[in-house]
Each structure stands twice: as C-alpha cells, then as structure tokens.
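Student: I've got a model open and I'd like to learn how to read it feature by feature. Can you walk me through it?

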Amino acid sequence: MTQEASLHIAPAVQAALDAGRPVVALESTLISHGLPAPTNLETARGLEAVVREHGATPATIAILHGQIRVGLDDAALRTLTTEPVRKLSRRDLAAAVVQEAHGATTVAATMWIAHRVGIRVFATGGIGGVHRGAGETWDVSADLPELAQTPVLVVCAGAKSLLDLPKTREYLETWGVPVLGYGTAELPAFYTPHSGLSVDARVDTPAQAAAIARTHWALGGRGLLVTVPVPPDQALAAQAAEDALAQAVAEAETQGIGGARLTPFVLARVKDLTGGESLRANVALLLNNTAVAAQIACALAS
Ligand code: PSU
Ligand code: MN
C-alpha cells in the first residue's frame with residue numbers, strides 16, 4: 001500500500017508500542033487551529049510533558065509535507081504553529097498526503113491514525129458533535145462516526161454547548177459509544193462541569209476506566225469516551241460561558257462562517273469575549289485530561 005510509505009512513527013513511540021508500554025495519542029488541530037500563539041506551542045509541549053511525567057509516551061499526530069507522523073519532535077511542533085496548516089478530518093487525509101501539505105488532525109483523523117498504529121488511548125480538549133441547527137445544516141462532526149467505528153478510548157472534557165449536547169448524546173447512544181464520567185455522574189460541558197445531562201457510568205479511578213474499556217473491546221465495542229470535568233478553580237461561570245458561546249455562534253451565522261471553520265472561529269471569539277478566561281480554562285482542562293489519559297494508558301498496559 002502506497003500509504004505506508006507516507007507513515008512515520010517516531011522511534012520512541014515505536015519502541016514503547018513494541019514493548020507494550022503505555023502510549024497516549026494527542027491531536028494537532030487544537031495546536032494549529034484551536035489555541036492562539038504563543039499558547040499553542042507552549043501547550044503542545046506541556047501536554048507531552050504531562051504524558052511523560054505519568055510514565056507514558058506521548059504521540060502527537062499530524063501530517064507534515066504529506067507524511068503522516070506519529071510522534072513529533074520540537075521542530076515539527078513549531079511547524080504546526082508557524083506555517084500554514086490545513087485542518088484535517090478523515091475525508092481530508094488522502095488529499096493532504098498526495099498534495100504533500102501540512103495538516104493538523106482532528107479527533108476523528110487522530111483516532112483513525114492512532115488505531116492503525118496500535119495506540120488505544122487519546123487525550124483531547126473537546127470532541128466535535130452535533131451542531132445546534134443541525135436539522136437545517138446537517139453539520140455533524142466526523143468525530144462522532146469515528147467514535148462509532150474505531151476502538152480508541154478518548155479522554156475529553158465533554159463538548160462545548162456551542163454544540164447541541166442532547167443530540168450529541170443521542171448520537172453516541174445510537175451508535176453504542178459508552179460515555180463515562182470521571183469522578184462525576186454528569187456530562188461536563190467543556191468550560192463548565194455541568195450540562196444537566198447524565199453519563200452512562202461513573203468511574204473514579206484510572207483502573208475502573210481501563211477495565212470498562214477492556215471489556216467494551218472484548219465485547220466487540222469500538223470507541224469510548226471518558227469525560228473529565230474542567231478543574232473547578234479554572235471553570236467559567238455557566239452564564240458567562242453560555243452568553244459568549246451564543247454571541248460567537250450568532251456572529252458566525254451573520255458572517256456566513258460554517259463547516260470546518262466554525263469551531264476555530266467560535267473558540268477565538270469566545271476567548272476575546274471572556275477576556276482570555278476561556279483560554280485559561282481550555283489549557284487547564286487539556287493538561288488535566290492528558291494526565292488522566294496517561295494514567296488510564298498505564299492501567300491498560302499493566
Ligand atoms: N473543540 C475544541 N477545540 C478544538 C476542537 C474541538 O474545544 O480544537 C477541534 C478538534 O480537533 C475536533 C474538531 O476534532 O475541532 C471538530 O471539528 P469539526 O466540528 O469541524 O468536525
Ligand atoms: Mn462540522
């Protein structure tokens with residue numbers, strides 16, 4: 001398969017996989033399109049450091065010059081924050097490879113690549129989902145069908161209320177994706193710990209999450225979500241988050257911004273509208289999710 005020629009696994013990641021040691025995949029869309037500079041590069045480095053501190057190997061995934069890369073060095077992380085980089089979901093991978101482009105992978109694309117190389121745990125901030133108004137626009141993130149078909153455990157802080165959370169929840173139920181709450185029985189809503197929606201099961205330790213993942217896979221299940229509330233001291237006030245998101249979504253609509261550009265636009269607007277508070281919350285929850293993912297990866301490997 002020609003695609004193999006364009007897949008490169010970093011030696012440290014390959015060594016860990018060969019030895020059965022824990023590996024945590026990290027996505028790159030949040031670096032290139034989700035966070036502003038210079039926070040994005042600092043965060044990319046910080047997430048890798050957190051994985052290492054917890055005894056696992058980080059594997060940040062992206063496409064550089066058309067090559068699928070699993071595990072990035074610092075020069076590659078810098079490229080993702082300084083050069084033009086496409087946002088790549090599943091449908092975009094082949095064109096980026098053939099056209100030798102740089103691309104940052106979404107949750108969907110990262111999950112798929114992680115699975116292909118044998119990585120089972122992946123940390124991110126928030127997943128994409130069913131957008132508000134999806135009845136008209138049909139805007140449903142490719143992250144959802146990927147969770148339905150690819151056996152990777154994804155650790156996130158829930159999804160933003162920019163999305164239609166009840167519909168997102170329904171989609172996951174329909175397609176058999178377990179939604180676990182880490183230390184909570186309520187689905188977190190990214191900037192805040194509360195959505196008013198329940199999770200399918202609560203877990204309180206990495207070992208409990210790992211046991212459910214193992215059993216889900218043994219039963220023929222595919223993706224699963226572990227949702228971790230934003231650390232309480234970093235959470236946004238619910239109303240402030242809701243107001244900022246509503247205003248950003250309305251502005252996107254007025255300006256005709258939709259599709260793949262919607263989430264990056266909304267994230268940037270919410271940051272300005274909250275005076276940077278949303279950015280602090282975003283970074284804090286990313287670091288926290290990544291620590292939980294590394295602990296789960298260790299539990300799965302033992
Ligand atoms: N949510 C965030 N930050 C992000 C994303 C989501 O808080 O950076 C990114 C993730 O990479 C996710 C993608 O997979 O947006 C979903 O985009 P879309 O809705 O276009 O599928
Ligand atoms: Mn979309």
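Student: Which side chains meet in a salt bridge with Glu-242?

Tutor: The general idea is a distance test: a Lys or Arg side-chain nitrogen has to lie within 4 Å of a carboxyl oxygen of Asp or Glu. Here the side chain of Arg-132 pairs with that of Glu-242, at 3.0 Å from N to O. Keep in mind that this is a predicted model.

Student: Where in the chain do the two partners sit?

Tutor: They link distant parts of the chain, 110 residues apart. Arg-132 is in the loop between β7 (121–123) and α8 (134–137), while Glu-242 belongs to helix α12 (residues 238–254).

Student: And how many salt bridges does the rule give?

Tutor: The count comes to 11.

Student: On to the ligand. How many residues surround ligand 1?

Tutor: For a shell, you ask which residues have a heavy atom within 4 Å of the molecule. Ligand 1 has 16 of them, and the closest are Glu-27, Val-107, Ser-141, Asp-143 and Lys-160. By type, the shell splits into 5 nonpolar, 7 polar and 4 charged residues.

Student: Which polar contacts should I look at?

Tutor: Look for N or O pairs within 3.5 Å. In the side chain of Lys-160, an N or O atom is 2.3 Å from a ligand 1 oxygen. Glu-27 puts a polar side-chain atom 2.9 Å from an oxygen of ligand 1. With Gly-126 the backbone does the work: one of its polar atoms is 3.4 Å from a nitrogen of the ligand.

Student: How much of ligand 1 does the protein bury?

Tutor: Compare the ligand alone with the ligand in place. Alone, ligand 1 exposes 470 Å², and the protein buries 92% of that. Ligand 1 sits in the largest pocket.

Student: Which elements give two or more residues to the shell?

Tutor: Those are α3 (29–34) and α13 (262–273). The largest share, 3 residues, comes from α3.

Student: What about backbone oddities?

Tutor: Scan omega and phi. The peptide bond from Ala-37 to Pro-38 is cis, with omega near 0°, and Pro-38 lies in the loop between α3 and α4 (39–53). His-65 isn't a glycine, yet has a positive phi of about 50°; you'll find His-65 in the loop between β3 (57–64) and β4 (67–70).

Technical notes: Residues are numbered from 1 along each chain as its sequence is written. Chains are lettered from A and ligands numbered from 1 in the order in which they are written. This is a predicted model: local features need pLDDT of at least 70, side-chain atom pairs count only at pLDDT 80 or more; totals for chains, interfaces and linings use all residues. Side-chain values use heavy atoms; hydrogens and water are left out. A polar contact is a pair of N or O atoms within 3.5 Å; within protein, one must be able to donate a hydrogen and the other to accept it, and residues adjacent in sequence count only if both atoms are side-chain atoms. Accessible areas come from the Shrake-Rupley method with a 1.4 Å probe; for residues, only the protein chains shown count as cover. On a 1 Å grid over the protein atoms alone, a cavity is a set of points where a 1.4 Å probe fits but cannot get out, and a pocket is an open set with protein on both sides within 12 Å along at least five of seven lines; lining residues have an atom within 4 Å of a point. A molecule sits in a cavity or pocket if more than half of its atoms lie within 2 Å of its grid points. Helices (H or I, at least four residues) and strands (E, at least two) are DSSP runs, numbered from the N terminus. Ala, Val, Leu, Ile, Met, Phe, Trp, Tyr, Cys and Pro count as nonpolar, Asp, Glu, Lys and Arg as charged, and the others, Gly among them, as polar.
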